[in-house]
Amino acid sequence: MNTASVPWGIRAVSRTGYVFMINKIATSVAEALAGVKDGSTVMIGGFGTAGIPNQLIDGLIEQGARDLTVVNNNAGNGEAGLAALLKAGRVRKIICSFPRQADSQVFDGLYRRGKLELELVPQGNLAERIRAAGAGIGAFFTPTGYGTDLAKGKETRLLDGKMQVLEYAIHGDLALIKAELGDRWGNLTYRKAARNFGPVMATACSHTVATVHEIVTLGALDPEAVVTPGIFVQKIVKIDRVETLAGGFKSAA
Amino acid sequence: MSNYRKRSKDELAARVARDIPDGATVNLGIGMPTLVANHIPSSREVLLHSENGILGMGPSPRAGEEDYDLINAGKQPVTLLPGGAYFHHADSFAMMRGGHLDICVLGAFQVSATGDLSNWSTGEPEAIPAVGGAMDLATGARQTWVMMDLLTKHGESKVVGRCTYPLTGIGCVRRIYSDLATLDCTPQGLRLVDTVDGLTHAELEKLVGLPIQP
């Protein structure tokens, strides 16, 4: 039997004819992240420390792409994960809602030295701009932010009796997502509030990579409970479970 | 000399909780508003929303049972009540932006008499800005309540004629719960709801420096 790998599966020719199996399982983080280009827009899931795909961020540091635009709710906690990517000097711009945290010292330092461009976006606008990209919507009007510094220079319109601000979709080249279970079609479930930005970011990027703690056989995930259908996922990688640590707030003395 | 005592943080939280109706869906902002959860009577079923993707949020876990995949918007560990649900961020913000959330309770730097809110930035040039969900909450919830001390540490009123700090939203605050008084913000200005015992209407107007309709 002759087999050949293609990006989404395995092609094989057997005695009974041509066989093709979709297979989005990558055997390593490096394989899943091969070919990330300099200048890419990278969406990284996570809110605080929940749902941050640390192994994929480490893989991206290893892979070496630079001049990145990163989309994340925060701007890194402590010294690991996104903070390490920032520290490695790979990020040109960050689009986020809440960079300043008790343990965001890496971001704070780079921002104050002018080494990092910041686009500050209200959290719901961030989620919706990502959702819009995934749904093929170019822009939308929303009352959020009207009359504030974050809407300066933006087009406004009176709709439904409210002044609303034009906000554009945010498209990504790469999404890094932390999920819980996955199968070879790329279907995903998540764990608790670690879901946060994962499902919307997966829809908004041309290449979505998710880590999972278990790869299950097709049909094992309850179809009623699949959160991200595999159409939005290009690669899944199994990683060991590491307990999510606290972060983002001042711990009691 | 004044003849009144300020509400403690817990008394203020209890005052806010008293006005949350049966069955309301409520988002409690980071900081002081979080305390309100401790004062909602057990006889009253209220759904707490956390913008990172939780509806039906429960109290803090017991020591040793923290799960940092289950945190609130302040990144503190919480629990989920039976019947609670998880959802992604766009759905979570659709709940507030779409007007499905009954009440949000936020802290504030300043609130204007007509309900403009400043609570995300002091506008200092060296400060690192962070907005989070404040603008979405203030504008999207059906009612936005502010919970704060009436005066700054320097004795200046945080209720003002016009906000001098960067705005979070325009005309979005319905009611201010403070350590000295409860005030409604209306298009015509402030209206008195209550004061702490011993604080007269005239004394309150003097502290705020603005007319307050009885």
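In the predicted model, A:S5 is located in strand β1 of chain A, which spans residues 2-6. The surroundings of this serine are sparse enough for A:S5 to be classed as exposed, because 9 other C-beta atoms lie within 10 Å, where the cut-off for an exposed residue is 12 or fewer. A:S5 is separated from A:N23 by 18 residues in sequence, and the C-alpha atoms of the two residues are 9.2 Å apart in space.

The chain that contains this strand comprises six helices and 16 strands. For the 253 residues of chain A, a compact globule would be expected to have a radius of gyration near 18 Å, and the value of 19 Å computed for chain A therefore agrees with that expectation. Along the principal axes, the C-alpha atoms of chain A occupy a box of roughly 70 × 50 × 35 Å. Of the 253 residues in chain A, 49% are buried. When contacts in chain A between residues at least 6 apart in sequence are considered, 75% of them join residues at least 24 apart.

Two aspartates of chain A stand out in their backbone geometry. Most residues other than glycine have a negative phi. A:D67, although not a glycine, has a positive phi of about 60°, and this residue is placed in the loop that links α2 (54-63) to β5 (68-71) of chain A. A:D67 is partly exposed, because 13 other C-beta atoms are found within 10 Å, a count that falls between the cut-offs of 12 or fewer for exposed and 20 or more for buried residues. A positive phi, near 50°, is also found at A:D160, which belongs to the loop between β9 (156-159) and β10 (162-168) of chain A. With 7 other C-beta atoms within 10 Å, A:D160 is therefore exposed.

A packing of helices joins chain A to chain B. Helix α5 of chain A (residues 123-134) packs against helix α2 of chain B (residues 89-97) at an angle of about 125°, and the axes of the two helices are 9 Å apart. At this angle, α5(A) and α2(B) are therefore oblique to each other, and their crossing is left-handed. The contact is made on the α5(A) side by A:Q123, A:G124, A:A127, A:E128 and A:R131, and on the α2(B) side by B:H89, B:A90, B:F93, B:M96 and B:R97. In terms of chemical character, the residues of this contact between α5(A) and α2(B) comprise four nonpolar, three polar and three charged residues.

Methods. Residues are numbered from 1 along each chain as its sequence is written. Chains are lettered from A and ligands numbered from 1 in the order in which they are written. This is a predicted model: local features need pLDDT of at least 70, side-chain atom pairs count only at pLDDT 80 or more; totals for chains, interfaces and linings use all residues. Helices (H or I, at least four residues) and strands (E, at least two) are DSSP runs, numbered from the N terminus. The radius of gyration is taken over C-alpha atoms; the globule rule is 2.2 Å times the number of residues to the power 0.38. Two residues are in contact if their C-beta atoms, placed from the backbone, lie within 7 Å. Axes are lines fitted to C-alpha atoms, for helices over the stretch in contact, and angles run from 0 to 180 degrees between N-to-C directions. Angles under 35 degrees count as roughly parallel, over 145 as roughly antiparallel, 65 to 115 as roughly perpendicular and the rest as oblique. A crossing is left-handed if the near helix is turned anticlockwise from the far one by less than a right angle, and right-handed if clockwise. Ala, Val, Leu, Ile, Met, Phe, Trp, Tyr, Cys and Pro count as nonpolar, Asp, Glu, Lys and Arg as charged, and the others, Gly among them, as polar.
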